[in-house]
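Hi,

Here is the structure I promised to pass along. Have a look first, and my notes follow below.

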Amino acid sequence: MRDLKSWLKAQQKLVDAELRRQLPRENVRPVTIHKAMRYSIFAGGKRLRPILCLAAAEACGGLVENALAPACAVEIMHTYSLVHDDLPCMDDDDLRRGRPTSHKVYGEGVAVLCGDALLTEAFTIIAQTPATKRYTAREYVSELANTGGSRKLIGGQILDLEGEGKSLTKKQLIQIHEAKTAALLTSSLKLGGMTANVTPKKLEALETFGYNLGLAFQVIDDILDVTQTTEQLGKTAGKDEAVEKSTYPSVIGLEASKAEAARLTKKALGALKPFGKNAARLEEIAHHMLDREY
Ligand code: GRG
């Protein structure tokens, strides 16, 4: 098997090429919105969600090319959430993916519309996913819509907003992380599996893997916010404390947070048993995510 670093690079390239092909070009009128969409999409994200989508497709015996549409759709939905999350009325951030945020470059009105346009584009693209015996455009679109809606992403953001300045319990924190972070990671995996006609049992296994991996990912994100610099992260470090946001380190302490991330990762890995050796790449990604530094 190809080593993880070069495999990750290759998948990022594949996804970027497809995103370039799918998104309207910068010279398509009205040019401002298309420039803004491409600015945020090609700002150098890790492409974690599309990579999970492609790896899940492979683990289920599918073809990477059949999973490219949902892979792009989840990355586009994720990017929309970041553009809106950075707005002055939300987290009010100046830096994202190592660059000035969308509203800093294009102004607030364009940044709002850029997020809206990206979200809409995600559905145009996911509807192109090839059907299998078990799954058609209806299932792909529903999966993404449920995740993007008020019960998951938006709901998590609402809880997050309402929690600012309050000291939350671990249970409340988990509710936010489930909706805001774990849901889209889980959907990325499920959508990849669905393109490979995954069985209901394995789909459930992907869901358990994604849920625990997603929670671990957010715990690590909270840890990095206090241990890394703005340069390393490409976004403002120490932001959570500055806005009095409850995080894993603030609620249970830094060392306990590291142990929690490792525990959740182990639990995630346990869910991959039904895939046997085919899960090798997903396992590697889970270990890599636990060790990440940005
Ligand atoms: C509707 C106003 C409005 C906002 C969108 C879901 C959401 C709602 C906002 C949440 C955005 C957010 C910061 C989620 C947390 C998940 C997280 C840790 C994101 C960072 O993901 P990475 O590290 O980023 O994968 P890159 O830049 O590498 O893609």
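Helices (H or I, at least four residues) and strands (E, at least two) are DSSP runs, numbered from the N terminus. This is a predicted model, so local features need pLDDT of at least 70 and side-chain atom pairs pLDDT 80 or more, while totals for chains, interfaces and linings use all residues. Residues are numbered from 1 along each chain as its sequence is written, and side-chain values use heavy atoms, leaving out hydrogens and water.

First, the cavity (a set of points on a 1 Å grid over the protein atoms alone where a 1.4 Å probe fits but cannot get out; lining residues have an atom within 4 Å of a point). There is one of 30 Å³ or more, and the largest has a volume of about 110 Å³, taken as the space filled by probe spheres set on the points, which are joined across faces, edges and corners. Its lining has 13 residues, with Ser40, Val83, Asp86, Arg96 and Ser102 nearest the centre. H2, helix H4 (68-85) and strand E2 (99-100) each give at least two lining residues; H4 has the largest share, three.

Next, the rings. Rings of Phe, Tyr and Trp (its six-membered ring) pair if their centres lie within 6.5 Å; planes under 30 degrees apart are stacked, over 60 edge-to-face, the rest tilted. That gives one aromatic pair. The centres of the Tyr39 and Tyr106 rings are 5.7 Å apart and their planes at 75 degrees, so this pair is edge-to-face. Tyr39 lies in helix H2 (residues 31-41) and Tyr106 in helix H5 (residues 102-106), 67 residues apart.

Happy browsing!

How values were computed. On a 1 Å grid over the protein atoms alone, a cavity is a set of points where a 1.4 Å probe fits but cannot get out, and a pocket is an open set with protein on both sides within 12 Å along at least five of seven lines; lining residues have an atom within 4 Å of a point.
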